[in-house]
Amino acid sequence: SITVPKSIENSLMNLNLISFLGCVAQVFFLVLLASREVTLLTVMSYDHYVAICHPLRYGTIMSHQACEQMAAYSWVSGGLNTVFHTVATFSVPMCGPHVVHQFFCDIPQLFSLACFYNIKELVVIGLSLLLDIGFFVFINVSYFHTFSTVLKITSREGRSKAFSTCLPHLVVGTLFLSSGSFAYLHPLSKSPSLFDLLVSIFYTMAPPTVNPLIYSLRNKDMQKVLRRLQQIWCHPAH
């Protein structure tokens, strides 16, 4: 909802323009929601770990108060990260033709337009990457213990249910973190690259697109509605 509407508008009107304030808004909200997404993915991996490895203590560990605190932390930490990124990115004047070789205002592209080396944003990016690496390690360690416990389950149905719950979340988290980190780490070329565009799509559009399929379609009520719609489509009333 942050990057796609403007891209569609430019495509329909055959333009490639965005205002300065629009660019600032894109950077602000993209970093805010991306930071929150990383934190929530980490929290969800911990939630799965507690539910499978410590089921009897789940209600105590993942209490309502604990969930509220983790949700609040995801927003607060995301907000601070957003302010640092936005201020650092636009604190340096930009020189030359203001052409962003991307379908949205991406920080690495804006970084390359700076008149001089943006040390502030480089430091912020480095700190963010260190945090993302920490989150990535935490997610993988949590799922290592989770899958180790799942493999000990004697019931085939129980193992299947646990894997179907955890694997999609692990795939989305890995895709999001790896593609986002690669987009910020690899050197940018002076000319637009199709590969750079694909990487950006992976971390801005793929996870939000897949999330409803992973989480909503697992809901039993949603499954009933979809089966009912399928019956209507296959056997329309005469």
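Me: Why is S128 called buried?
Reply: S128 has 13% relative accessibility, and buried means under 20% relative accessible area (over 50% is exposed, in between is partly exposed; 1.4 Å probe, protein chains only), so S128 counts as buried. Bear in mind that this is a predicted model, where local features need pLDDT of at least 70, side-chain atom pairs count only at pLDDT 80 or more, and totals for chains, interfaces and linings use all residues. Residues are numbered from 1 along each chain as its sequence is written, and side-chain values use heavy atoms, with hydrogens and water left out.

Me: What makes the S128 and N81 side chains a polar contact?
Reply: They come to 3.1 Å, and the cut-off is a pair of N or O atoms within 3.5 Å (within protein, one must be able to donate a hydrogen and the other to accept it; residues adjacent in sequence count only if both atoms are side-chain atoms). So the pair qualifies as a polar contact.

Me: Which residues is S128 in contact with, leaving aside neighbours within four places in sequence?
Reply: N81 and H85, where contact means heavy atoms within 4.5 Å.

Me: And why is V123 called partly exposed?
Reply: Its relative accessible area is 47%, which lands between the two limits, so V123 is partly exposed. V123 sits in helix α6, as does S128, with α6 covering residues 119-150; helices are DSSP runs (H or I, at least four residues), numbered from the N terminus.

Me: Which residues is Y143 in contact with, under that sequence exclusion?
Reply: M44, S45, H48, C166, H169 and L170.

Conventions. Helix = DSSP H or I, 4+ residues; strand = E, 2+ residues; numbered from the N terminus.
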